[in-house]
Amino acid sequence: MLADARVPLSILDLAHLGTGVSSSKTLANSVRLAQRAEELGYERVWYAEHHGMRSIASSAPEVLIANTAAATSTIRVGSGGIMLPNHAPLRIAEAFQTLEALHPGRIDLGIGRAPGSDRAAMAAMRPFDAQQFPAQLHELFSLSRGGFPPGHAFHGVRASPADVALPPVWLLGSSGASAAFAGSLGLGYAFAGHFSEAPAASAITAYREAFVPSDAFPTPHAILALSVICAPSDEEAEFLAGSLDLAWLRMRRNEFAPVPTPEEAAAYDYDAQERAFIMENRRKHVLGSPATVAARLAELQGQAGANELMISTMVHSHEARLRSLELLAAAW
């Protein structure tokens, strides 16, 4: 475990769409959030690839990365993540080498193997085969470096711009299955504690034990993503979390509606089964006053041995999300 609880903080922005808020306004608010996070000292902001979901506006992370990086100057900007089985590896290599050329030293390429969508949207994207993920990742690296041998169909193919290397690559995981693989390749590792049922500590330990140093990562670096709502008081955080409760209940039913207002959530008539689900689901989330949240985050970081915490905040309004990150930064 790491002794220092005050590791860097970062942001996972899913560009949640709130009821009554347009996608244009949501994406403009994402840029404002990143600009404020830069002022507050957050390490990085990542955007996640999701498809076919009315509640999320981050279907094209590389576009959001370019937009935010152009509007900021120091914060790292990346994907959390690009779902590689949805794409041709050459396309991703070229997109992120272009981003690295535009914003040298500020881009991250976080990669996952999940579809980031339901079955229908997955089929509309392209055939998805997670079993091919290791081969796809090898193809991505080989196309970036020009590493295919003579006689290979891709020999001589090089991702362009060729004078720019891929930015640092992180593997994402929610079960621990990718942890040792990430370590063996000398990559960064990010664990999706904001929705995973699996323990983060065992996955991060497996990553560290398998780690082989690389140019991008001379030492292992593990990020723990967590769902957090921070408000001036525990009572207000509880009220704001009503939006999260109802949104997760709807997602469980494959209803990907915009995030409801806390007032709408407070008026919802939950039955006993729904309340039981919400009580169980709350275990994945950290909410409360700055002191409450900071203490819990320090505990979770220490248990997992994470080098960095990445914060996802599902609330209805941009103002509440921004205030949550401001309060957390001050308390941390």
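**Exercise 1. Describe how helix H8 packs on helix H10, from axes to contacts.**

Solution.
- Find the two helices. H8 covers residues 234-252 and H10 covers residues 272-281. Helices (H or I, at least four residues) and strands (E, at least two) are DSSP runs, numbered from the N terminus.
- Take the axes. They lie 10 Å apart, at an angle of about 110 degrees. Axes are lines fitted to C-alpha atoms, for helices over the stretch in contact, and angles run from 0 to 180 degrees between N-to-C directions.
- Classify the angle. H8 and H10 are therefore roughly perpendicular. The classes are: under 35 degrees roughly parallel, over 145 roughly antiparallel, 65 to 115 roughly perpendicular, and the rest oblique.
- Give the hand. H8 and H10 cross in a right-handed way. Right-handed means that the near helix is turned clockwise from the far one by less than a right angle; anticlockwise is left-handed.
- List the contact. H8 brings Leu244, Asp245, Trp248, Leu249 and Arg252; H10 brings Glu274, Phe277, Ile278 and Asn281. Contact means heavy atoms within 4.5 Å.
- Sort by class. The contact of H8 with H10 holds 5 nonpolar, 1 polar and 3 charged residues. Ala, Val, Leu, Ile, Met, Phe, Trp, Tyr, Cys and Pro count as nonpolar, Asp, Glu, Lys and Arg as charged, and the others, Gly among them, as polar.

The model is predicted: local features need pLDDT of at least 70, side-chain atom pairs count only at pLDDT 80 or more, and totals for chains, interfaces and linings use all residues. Residues are numbered from 1 along each chain as its sequence is written, and side-chain values use heavy atoms, with hydrogens and water left out.

**Exercise 2. Do the same for H1 with H2.**

Solution.
- H2 spans residues 61-71. H1 is the helix at 23-40.
- The axes of H1 and H2 are 9 Å apart, and the angle is about 45 degrees. The pair is therefore oblique.
- The crossing of H1 and H2 is right-handed.
- From H1, Leu27, Val31, Ala34 and Gln35 meet Leu64, Asn67, Thr68 and Ala71 of H2.
- This contact of H1 with H2 has 5 nonpolar, 3 polar and no charged residues.

**Exercise 3. Which residues of H11 meet H12, and at what angle do the axes cross?**

Solution.
- The axes of H11 and H12 come within 9 Å and cross at roughly 65 degrees. That makes H11 roughly perpendicular to H12.
- The crossing of H11 and H12 is right-handed.
- Pro290, Val293, Ala294 and Leu297 of H11 touch Leu327, Leu328 and Ala331 of H12.
- In this contact of H11 with H12, 7 residues are nonpolar, none polar and none charged.

**Exercise 4. Describe the second largest pocket.**

Solution.
- Its space is about 440 Å³. On a 1 Å grid over the protein atoms alone, a pocket is an open set of points with protein on both sides within 12 Å along at least five of seven lines, a cavity is a set where a 1.4 Å probe fits but cannot get out, and lining residues have an atom within 4 Å of a point. Grid points are joined across faces, edges and corners, and a volume is the space filled by probe spheres set on the points.
- There are 19 lining residues; closest to the centre are Gly193, Ser196, Ala198, Arg283 and Leu300.
- Helix H7 (200-210), strand E7 (222-230), strand E8 (285-288) and helix H11 (290-304) each give two or more lining residues. H11 has the largest share, with 4 residues.
- The pocket lining comprises 10 nonpolar, 4 polar and 5 charged residues.

**Exercise 5. How many cavities of 30 Å³ or more does a search of the whole structure find?**

Solution.
- The search finds 2.
- The largest cavity holds about 60 Å³. Its lining includes Ala15, His16 and Arg321. Strand E1 (9-13) gives the most, 3 residues.
- The second largest cavity has about 30 Å³. Its lining includes His16, Ser55 and Met314. By class, that lining has 5 nonpolar, 2 polar and no charged residues.

**Exercise 6. Locate the cis peptide bonds at glycine 81 and proline 161, and the positive phi at alanine 15.**

Solution.
- Most residues other than glycine have a negative phi, and most peptide bonds are trans.
- Glycine 80 and glycine 81 share a cis bond, with omega about 10 degrees. Glycine 81 sits in strand E3 (residues 76-83).
- Serine 160 and proline 161 share a cis bond, with omega about 5 degrees. Proline 161 lies in the loop between H5 and E5.
- Alanine 15 is not a glycine, yet has a positive phi of about 50 degrees. Alanine 15 is in the loop between E1 and H1.
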